[in-house]
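Dear colleague,

I am handing over the structure below, and I would be glad if you could read my notes with it open beside you.

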Amino acid sequence: MGVLWSPDESGRVAMNPPWITALKKEFTAELRAKQGITTSGLFGLMAVAACGFASSIEKPGPGLAAGLLSVILLFVSTVAIPRIFIAEQEQGTFDLYRQWASPTAIFLGKLLFAAAQMILISLMVGAIYVAMVAPELKIPWLYWVGTILFGIAASNVLCIAGSLVMGAANRWILAGVISLPLTFPLVFMGVGLLRVAFGEGTLNGGFINLIGLLGYAIAPIGLGPFLAESLWNEANTEDRKGLQGQGATESQWEGR
Amino acid sequence: MNPRLLIAGLLGVVMTGYIYSVPDARLFRDPAMARILFTHVPSAFVASIFFVVAAWAGLQVLGKGRVLHRARLHAAVELGALFAGFTMATGILFSRVQWGEWWHNDPRQTSFLIVLLSYLALLGLRGAFSDPEKRDKTTAAYAVALLLPAIFLTFIYPRLPHVAQQSFHPSTTIPKGELDTAYQIGLWGNVTAFLVLAFFVYGLRVRQELHSRALENLDDHLADSHHDSPDSRVRRPVAVRRED
């Protein structure tokens with residue numbers, strides 16, 4: 001099932017790569033309900049407002065301001081991203097989805113949708129943060145590049161966490177628990193980058209963190225599909241074949 | 001007697017004796033407490049090795065999925081978490097003695113705490129699946145995904161120049177060869193003893209897991225082939241006598 005077929009106006013059949021169709025499906029589902037973007041956007045706004053409230057007497061310094069923004073973006077992504085995977089499982093549509101497309105296509109479709117969602121939220125949170133909480137911006141372009149890249153990297157990493165907890169008990173809490181250890185290096189690099197944008201540290205240090213952040217954003221694109229193929233394909237292990245060879249039935253294996 | 005157990009036991013006895021024979025360290029607030037090095041560093045060493053072993057076994061589970069790899073994965077995760085906990089405990093004790101606080105907020109302490117929490121999260125994730133197949137694969141996937149953050153937090157982050165400046169942790173003492181010869185012998189001897197002991201326990205845990213899984217398979221197979229599982233139909237608790 002490599003492609004989806006869709007005839008265009010002239011009657012010709014166009015082939016879409018499945019991951020693009022999966023991405024379209026995510027956008028269509030989101031535009032129908034608009035739950036993910038509105039709730040996670042609201043959560044981000046409230047977090048910025050809370051920081052603004054807490055720092056109303058004294059503005060935070062560059063280091064603290066960078067840390068606060070990183071933590072806000074991290075928690076917003078923890079709320080927004082695993083939901084994309086978990087909701088599919090809870091609605092009972094995931095098995096049907098898997099019949100239709102390969103795990104790689106599903107994962108990439110969800111990952112790209114999550115990244116688009118986080119770009120939007122990062123821009124919104126970043127703008128309000130500058131207006132309400134942050135000290136003066138010294139290098140604006142670095143701030144915007146850093147904020148968007150942080151959002152993309154966080155969403156990509158959290159897609160892995162979301163795909164892992166899909167079938168687990170207490171999956172909503174577990175998603176947060178297993179996401180945070182994966183994102184600590186990200187927070188470190190995000191703080192290192194954003195504090196330079198706020199005027200602390202050298203531009204060279206900012207660039208190093210920018211490259212690190214870029215690497216951290218790209219790594220899940222390579223690792224995620226591999227993990228998804230292994231996790232969501234349930235019929236390819238050697239022991240499974242061996243067990244069947246010994247006379248055990250499929251239902252027995254499934255029941256174990 | 002198992003030769004690995006014998007070697008581990010002998011090394012343990014020799015190294016315990018050696019630890020008490022080395023002179024007290026001069027630059028320590030409590031000179032006798034410098035001996036904590038002999039347990040703290042080997043524990044961290046073994047924990048780091050098991051994190052790599054867990055990730056490697058995880059890759060094998062995701063690829064081939066053999067029972068042996070699954071057993072190795074679980075054993076490595078458990079022992080990695082155990083030795084990381086031991087490293088943390090001895091580190092906290094060292095912090096209290098040398099720096100005067102149980103928690104000094106040293107970057108090295110914090111980064112290793114995150115590594116420990118990561119592996120506790122891995123154990124938590126493992127416990128959240130009732131289906132063994134999914135449990136094994138998810139644990140494997142997370143162990144693989146954790147390797148990069150664990151390497152960053154253990155080896156890269158504490159050595160970054162601006163982080164190292166803030167840290168009191170004597171991370172550079174061993175690489176720069178500033179350790180006294182008697183302490184160097186004790187340290188590497190203990191690293192060897194810890195490694196032998198840890199891999200002996202690892203082997204035992206792998207075997208135990210394999211036996212446990214084989215027993216489960218056998219139990220299922222017997223239940224199916226002999227039809228000796230309880231009948232699910234409703235039965236009367238007493239015999240019903242026909243009345244003519």
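What follows is an account of the contact between the chains and of some of the helix packing.

This is a predicted model, in which local features need pLDDT of at least 70 and side-chain atom pairs count only at pLDDT 80 or more, while totals for chains, interfaces and linings use all residues. Residues are numbered from 1 along each chain as its sequence is written, and chains are lettered from A and ligands numbered from 1 in the order in which they are written.

The contact between the chains takes 27 residues from chain A and 32 residues from chain B, where two residues are in contact if their C-beta atoms, placed from the backbone, lie within 7 Å. On the side of chain B that touches chain A, the elements giving two or more residues are α4 (107-127), α5 (132-156) and α7 (181-226) of chain B; helices here are DSSP runs (H or I, at least four residues), numbered from the N terminus. The most comes from α5(B), with 13 residues.

The helix α5(B) has 25 residues that should span 36 Å at 1.5 Å a residue, and its end C-alpha atoms are 35 Å apart, which agrees; the expected span is 1.5 Å times one less than the number of residues. There is nevertheless a bend of about 35 degrees in α5(B) at B:L147, with a proline, B:P149, following within four residues (the bend is the angle between axes fitted to the seven residues ending there and the seven starting there).

Across the chains, α7 (residues 171-197) of chain A packs on α5(B) at an angle of about 40 degrees, with the axes 8 Å apart; axes are lines fitted to C-alpha atoms, for helices over the stretch in contact, and angles run from 0 to 180 degrees between N-to-C directions. That makes α7(A) oblique to α5(B), given that angles under 35 degrees count as roughly parallel, over 145 as roughly antiparallel, 65 to 115 as roughly perpendicular and the rest as oblique. In this contact A:I178, A:P181, A:L182, A:F184 and A:P185 of α7(A) meet B:Y142, B:A145, B:L146, B:P149, B:F152 and B:L153 of α5(B).

Within chain B, helix α2 (residues 37-63) and helix α3 (residues 67-99) pack with their axes 7 Å apart, at an angle of about 155 degrees, which makes α2(B) roughly antiparallel to α3(B).

Within chain A, the axes of α3 (residues 62-90) and α5 (residues 103-132) come within 10 Å and cross at roughly 150 degrees, and α3(A) and α5(A) are therefore roughly antiparallel to each other.

With best wishes
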